[in-house]
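Trainee: I would like to learn how to read a structure like this one, feature by feature. Could we go through it together?

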Amino acid sequence: KVLWSHREQEPIDGRAICMKNGRIYFFRFGSYLVCLDAKTGSEIWRRTRENAPKLFAALGEYQNRQDWRTNWRTTCYLKCSDQALYFAGPQIGELLAVSAEDGRVLWENPYSNFQLVLRDDGVYGISGQIDKHGSFKFEPLTGEVLAEIAKPRRACTRPTGSADAIFFRAEDGSVRLDTASLRPQWISPMRPVCQEGVTVANGLLYWW
């Protein structure tokens with residue numbers, strides 16, 4: 001049976017929906033950022049231009065970017081942990097961290113071409129190849145740079161994570177970033193596709 005349903009007057013952006021720790025978060029540029037209780041559908045908090053001007057100023061206007069340097073418009077640009085929401089992708093002009101507790105801004109980074117992997121030990125931002133910008137490991141709640149990673153991604157392929165590594169396209173194939181040593185290791189001439197990246201399952205790596 002239907003337990004609950006929720007409808008907005010303005011359409012929800014399907015690229016900005018995520019769920020963690022019994023909460024569902026969703027967003028629409030210029031309109032709202034909302035947190036719902038996943039069990040009941042009741043609203044926990046709602047942020048709008050009116051009650052959170054700092055948040056919406058940081059989010060800025062929708063960036064209509066789409067190409068191999070930044071990835072495609074289908075990219076999901078909102079991810080979440082138990083404590084924070086992270087906005088990054090071709091649709092947004094920076095990396096922005098927001099509190100999962102109440103939607104307040106935690107920290108910002110002005111670089112506009114990170115692709116993220118969230119781990120317990122940090123937020124990994126993998127930079128684009130043409131920008132001459134570093135890839136970094138950030139402290140999740142403050143944005144402090146914990147380490148610089150000596151490898152940008154190549155083109156649009158999305159990085160993906162496993163228990164002990166992050167995989168992304170770089171140079172002429174695929175790179176495994178060992179998260180213990182932060183050493184990038186070239187592992188295959190196979191290029192991961194733009195939309196999914198390397199998929200980790202059943203103890204194997206898959207290239208589609």
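Mentor: Gladly! Let's settle one term before we start: helices (H or I, at least four residues) and strands (E, at least two) are DSSP runs, numbered from the N terminus. Keep in mind, too, that this is a predicted model. With the term in hand, we can place I187 in strand β16, which covers residues 183-188.

Trainee: How should I class I187, as buried, partly exposed or exposed?

Mentor: The cut-offs are under 20% relative accessible area for buried and over 50% for exposed, with partly exposed in between. I187 has 36% relative accessibility, so this residue counts as partly exposed.

Trainee: Which residues make a nonpolar surface patch with I187?

Mentor: V200 and L205 join I187 there, and the patch has an area of about 200 Å².

Trainee: And the opposite situation, nonpolar residues in a core? Which residues touch the most other members of the largest nonpolar core?

Mentor: The general idea is that in soluble globular proteins, nonpolar side chains tend to be buried together. Here the largest nonpolar core has 23 residues, and F27, L55 and F87 touch the most other members. At least two residues of this core come from each of β2 (23-28), β3, α1 (53-59), β5, β6 and β7 (95-99). The biggest contribution is that of α1, which gives 4 residues.

Trainee: Let's turn to sheets. What is the order of the strands in the open sheet of 4 strands?

Mentor: As background, strands of a sheet pair through backbone hydrogen bonds, either parallel or antiparallel. In this sheet the order is β1-β2-β3-β4, and the pairing is antiparallel. The edges are β1 and β4 (43-47); each has a single partner strand, so one side of each lacks a neighbour in the sheet. On average, neighbouring strands of this sheet are turned by 15° against each other, direction ignored.

Trainee: How many bridges join β3 to β4?

Mentor: There are 4 bridges between β3 (residues 32-37) and β4, and the two strands run antiparallel. To see the register, look at V34, which stands opposite R46 in β4.

Trainee: What does a hairpin look like here, and which strands does it join?

Mentor: Look at β9 and β10: a hairpin joins them through 2 residues. Strand β9 (residues 115-119) and strand β10 (residues 122-126) run antiparallel, with 5 bridges between them. One pair to find on screen is R119 with its bridge partner in β10, G122.

Trainee: Now the charged side chains. How many salt bridges does a search of the whole structure find?

Mentor: The criterion is a side-chain nitrogen of Lys or Arg within 4 Å of a carboxyl oxygen of Asp or Glu. The search finds 13 salt bridges. Take K20 and D82, whose side chains meet at 3.0 Å, N to O. K20 is in strand β1 (residues 17-20) and D82 in the loop between β5 (78-80) and β6 (84-87), so this salt bridge ties together parts 62 residues apart in sequence. K20 counts as partly exposed, with 35% relative accessibility, and D82 is also partly exposed, at 40%.

Trainee: Which side chains does R176 meet in salt bridges?

Mentor: One is D164, at 3.4 Å, N to O. This pair links distant parts of the chain, 12 residues apart: R176 sits in strand β15 (residues 173-178), and D164 in the loop between β13 (160-161) and β14 (165-170). The other salt bridge of R176 is with D178, at 3.2 Å, N to O. As for accessibility, R176 is buried at 16%, D178 is buried at 15%, and D164 is partly exposed at 42%. Elsewhere, salt bridges that share partners join E8, E43 and R46 into one network.

Trainee: One last backbone feature: which residues other than glycine have a positive phi?

Mentor: Two to look at are N71, with phi near 80°, and N202, with phi near 55°. N71 is in the loop between α1 and β5, while N202 lies in the loop between β17 (199-201) and β18 (204-206).

Trainee: Is N71 buried or exposed, and is N202 buried or exposed?

Mentor: N71 counts as buried, with 0% relative accessibility. N202, in contrast, is exposed, with a relative accessible area of 71%.

Notes
Residues numbered from 1 in each chain as written. Predicted model: local features only at pLDDT ≥ 70, side-chain atom pairs only at ≥ 80, totals over all residues. Heavy atoms only, no water. Patch = residues over 30% accessible without salt bridge, like charges linked within 9 Å, V, L, I, M, F, W, Y side chains within 5 Å. Areas by Shrake-Rupley, 256 points an atom, 1.4 Å probe, with all protein chains shown as cover. Buried < 20%, exposed > 50% of the residue type's maximum accessible area, 1.4 Å probe, protein only. Pairing = 2+ DSSP bridges. Axes fitted to C-alpha atoms, helices over the stretch in contact; angles between N-to-C directions. Core = buried A, V, L, I, M, F, W, Y, C linked by side-chain atoms within 4.5 Å.
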